[in-house]
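Grab a pencil and work through these exercises with the structure open beside you. Try each task yourself before you read its solution.

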Amino acid sequence: MSEYAVLEIWAVILVIAVATYLIRLSFIHLFGRINQVPPRVTLVLKFVPAAVLAALVAPQLVTPSPDVAEMVVDERLAAGIVAAAVAWWRGDVLVTILVGMVALWALQFGPALVF
Amino acid sequence: MTEDFKAGARDSIGVLLGLVPFALVFGIAADSAGLSTIQTVVMSAGIFAGTAQLVTVELIAANAGLAIIVVTGIVINLRMLMYSASIAPHFTEYGQRTRAVLAYFLTDHVYAMSIAEYAEEARSRNKRLYYLGLGVSIWLVWVATTVVGYVLGAGIPDSLNLMFAIPLVFLAILVPAIEDAPQVVAALASAVVAIAAAYAVAEFGLPQGLDLLIAAAVGIVAGVTAEEVTAR
């Protein structure tokens with residue numbers, strides 16, 4: 001259990017909610033005053049999805065550690081590679097999730113069933 | 001017209017399969033951190049950003065300072081500045097009031113899937129209806145499932161590792177979005193830096209979410225550099 005006053009929790013929630021909304025609104029609101037995106041900005045934006053999504057995924061496929069050799073031996077990384085291959089082949093979110101989850105379960109629970 | 005809203009709602013189903021366990025876990029975490037039902041619902045409805053919500057609740061449970069919790073929550077969501085800038089050109093045809101509503105639903109998934117759909121010019125979807133189909137569906141399921149998680153408590157076996165569905169969703173969006181070599185460079189650079197930075201954040205107690213921002217920034221710089229080198 002936490003030790004905050006009720007109002008403190010509410011303040012945290014509301015401040016983050018309002019700030020998050022303003023972040024979301026920022027460029028959507030301002031863009032009407034700029035008719036063309038500068039080429040430099042377009043170039044940067046081209047890489048935003050790939051960079052952000054990769055940054056979200058990578059630390060969840062391994063346990064970040066300085067020992068790279070130990071780090072890459074991970075069922076999640078193997079299942080993630082299988083899922084990435086399926087995503088590349090099919091481009092389907094649902095199929096990617098199903099194959100990725102089954103791959104993870106096979107790697108985690110499979111050996112116990114075989115041996 | 002409503003066809004486009006329905007198309008968005010239909011396309012949200014794949015994402016929802018990944019978000020449902022996330023929302024359940026958030027609900028359970030909110031309960032164990034001592035939040036009330038109303039606080040939990042307002043968090044999901046108002047912040048509407050899973051990673052930030054989960055980290056906020058974890059910090060509350062750990063009795064972190066209020067300023068640190070607020071700054072961390074905001075830092076994690078700063079990536080949405082990039083989403084806002086990226087999707088803004090598609091909303092210029094709408095008035096400010098419509099844009100104010102659209103902005104509310106801008107999440108990782110709504111952004112990524114809308115951008116992918118807008119790139120399919122042959123389908124000529126109504127942009128805001130498709131976007132709202134995605135956003136409203138995800139919002140409703142997110143808020144409702146949060147409550148289910150809150151009520152259920154810790155009844156779900158951790159051994160099933162359903163949280164793994166979340167990176168799988170990001171992978172399913174990431175992989176088809178990569179169209180050329182510079183984008184591969186951006187993704188790989190970002191992934192490597194993200195792992196190193198996540199280690200540093202955990203090891204040195206740096207602000208959660210800082211790793212994501214650093215990795216994304218390095219990935220973007222790497223991609224732009226690769227683009228300029230290959231164009232030369």
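**Exercise 1. Work out how the contacts within chain A are spread along the sequence.**

Step 1: Take the contacts in chain A between residues at least 6 apart in sequence; 26% of them join residues at least 24 apart. Here, two residues are in contact if their C-beta atoms, placed from the backbone, lie within 7 Å.

Step 2: Now try chain B, where residues 24 or more positions apart account for 78% of the contacts with a separation of 6 or more.

Before you go on, remember that this is a predicted model: local features need pLDDT of at least 70, side-chain atom pairs count only at pLDDT 80 or more, and totals for chains, interfaces and linings use all residues. Residues are numbered from 1 along each chain as its sequence is written, while chains are lettered from A and ligands numbered from 1 in the order in which they are written.

**Exercise 2. Describe the secondary structure and burial of each chain.**

Step 1: Chain A has six helices and zero strands. Helices (H or I, at least four residues) and strands (E, at least two) are DSSP runs, numbered from the N terminus.

Step 2: Chain B comes to eleven helices and, again, zero strands.

Step 3: On to burial: 37% of the 115 residues in chain A are buried, and for chain B it's 48% of 232 residues. Buried means that 20 or more other C-beta atoms lie within 10 Å of the residue's own, with C-beta atoms placed from the backbone.

**Exercise 3. Find out what chain A brings to its meeting with chain B.**

Step 1: Count the residues: 61 of chain A are in contact with 80 of chain B.

Step 2: Spot the helices. Helix 1 (6-30), helix 2 (39-46), helix 3 (48-61), helix 5 (75-90) and helix 6 (93-114) of chain A each supply at least two residues of that side. The largest share, 18 residues, comes from helix 1 of chain A.

Step 3: Sort the residues on this side of chain A by class, and you get 46 nonpolar, eleven polar and four charged. Ala, Val, Leu, Ile, Met, Phe, Trp, Tyr, Cys and Pro count as nonpolar, Asp, Glu, Lys and Arg as charged, and the others, Gly among them, as polar.

**Exercise 4. Decide how helix 10 (residues 181-204) and helix 11 (residues 210-231) of chain B are oriented.**

Step 1: Their axes come within 7 Å and cross at roughly 155°. Axes are lines fitted to C-alpha atoms, for helices over the stretch in contact, and angles run from 0 to 180 degrees between N-to-C directions.

Step 2: So helix 10 of chain B is roughly antiparallel to helix 11 of chain B (angles over 145 degrees count that way).

Definitions and conventions:
Parallel < 35°, antiparallel > 145°, perpendicular 65-115°, else oblique. Buried ≥ 20, exposed ≤ 12 C-beta atoms within 10 Å, placed from the backbone.
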